[in-house]
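User: Hello! I am new to this structure and would like a close look at a single part of it. Could you walk me through that part and its surroundings?

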Amino acid sequence: MLAWPLPALLSWGLAWGVFLALRAAGLAPAPAVVLAASLGLGLAFLQVPRWRRLMVALGFPLSLLITARSLELPAWAWLLPLLLLALAYPRRSWGDAPLFPTPKNALQGLAELAPLPPQARILDAGCGLGHGLRELRRAYPQARVEGIEWSLLLAWAVRLLCPWAGIRRGDMWAQDWQPFQMVYVFQRPESMERVWAKARKELAPGAWLVSLDFPVQGQGALASLPLPRGHCLWVYRLAPRAPGLSG
């Protein structure tokens, strides 16, 4: 298994290679595009999460469209989007979730499932552009909502978008979760085991772990809340630790 986003890069490169080879062989542009895009679509179904399938499938046609409309741009102009991508999604973030926002009203009803006292501290681990922060504030208006984000560009932007939240630029895996009464994550399936291990080690008994879309495999959730558009909210509460166990 290749680490993401290498499968996407390889799929896009292969689609481009097929397109250029077909054009060099004399095939007309339209059928060459269709065949290359079909290859990208087929490779997309090898990816399990839906967002990865979408990225792999759309990579070649979108890049072809951008290229066709940008033939007069100087070569250095292509470095600008690469620089922005590197700032927004640095290499260290590839193992975490991509930049997908928490849907509006996704946390509606969470306060009834997981009540918190006033001034409780809530952490959005990997807060992106603040969509999860805003939903947490809507669900818990009296709580202290905080976020941590590794991307320097996103951390700077979310401070402007959510001035009422305490934002820290840093590694969510290195930050101590012990001071928080709730941690909210919108990660990916592969990282949920690591999320659970960190929660078990650092969150106090009675604290809450809330995950959008992805459950912790092998762990029974206190509640699961189906949401529109196929989303689901998974709510876990940390049980008291057995005597002699650290996590």
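How many of the five residues of β5 are buried, and why can the strand be called largely enclosed by the rest of the structure?

Analyst: Happy to help. This is a predicted model, so local features need pLDDT of at least 70 and side-chain atom pairs count only at pLDDT 80 or more, while totals for chains, interfaces and linings use all residues. Residues are numbered from 1 along each chain as its sequence is written, and side-chain values use heavy atoms, with hydrogens and water left out.

Let us start with your strand. Five of the five residues of β5 are buried, so the strand is largely enclosed by the rest of the structure. Here, buried means under 20% relative accessible area, exposed means over 50%, and partly exposed is in between (1.4 Å probe, protein chains only). Strands are DSSP runs of E with at least two residues, helices are runs of H or I with at least four, and both are numbered from the N terminus. Both faces of β5 are covered: Trp208, Val210 and Leu212 are buried on one side, and Leu209 and Ser211 on the other.

Next come the neighbours in the sheet. Two strands pair if DSSP finds at least two bridges between them. β4 and β5 run parallel and are joined by four bridges; Met182 has Trp208 in β5 as its bridge partner. On the way between these strands there is a helix to look at: β4, α8 and β5 form a right-handed β-α-β unit. Right-handed means that, with the strands pointing away from the viewer, the path from the first strand over the helix to the second runs clockwise. α8 lies across β4, β5 and β7, running at about 165° to β5. For such angles, axes are lines fitted to C-alpha atoms, for helices over the stretch in contact (heavy atoms within 4.5 Å), and angles run from 0 to 180 degrees between N-to-C directions.

β7 is also joined to β5, by five bridges, and these two strands run antiparallel. Ser211 has Trp234 in β7 as its bridge partner, and Leu212 stands opposite Leu233. β7 in turn pairs with β6 (residues 223–226) in the antiparallel sense over four bridges, where Ser224 has Trp234 as its bridge partner. The hairpin of β6 and β7 has five residues between the strands, and Arg229 takes a positive phi near 60° there.

Now step back to the whole sheet. It is open, has seven strands with mixed pairing, and follows the order β3-β2-β1-β4-β5-β7-β6. β3 (166–169) and β6 stand at the edges with a single partner strand each, so one side of each is left without a neighbour in the sheet. From one strand to the next, the twist averages 20°.

Finally, consider the packing. A nonpolar core is a set of buried Ala, Val, Leu, Ile, Met, Phe, Trp, Tyr and Cys residues joined through side-chain atoms within 4.5 Å. The largest one here has 48 residues, and Leu110, Tyr140, Trp177, Met182 and Val183 touch the most other members. Elements that each supply at least two residues of this core include β4 (182–185), α8 (192–202), β5 (208–212) and β7 (232–237). Leaving aside its neighbours within four places in sequence, Leu110 is in contact with Tyr140, Met182, Val210, Leu233 and Val235. One of these contacts, Val210, brings us back to your strand, where Val210 is buried on one side with Trp208 and Leu212.
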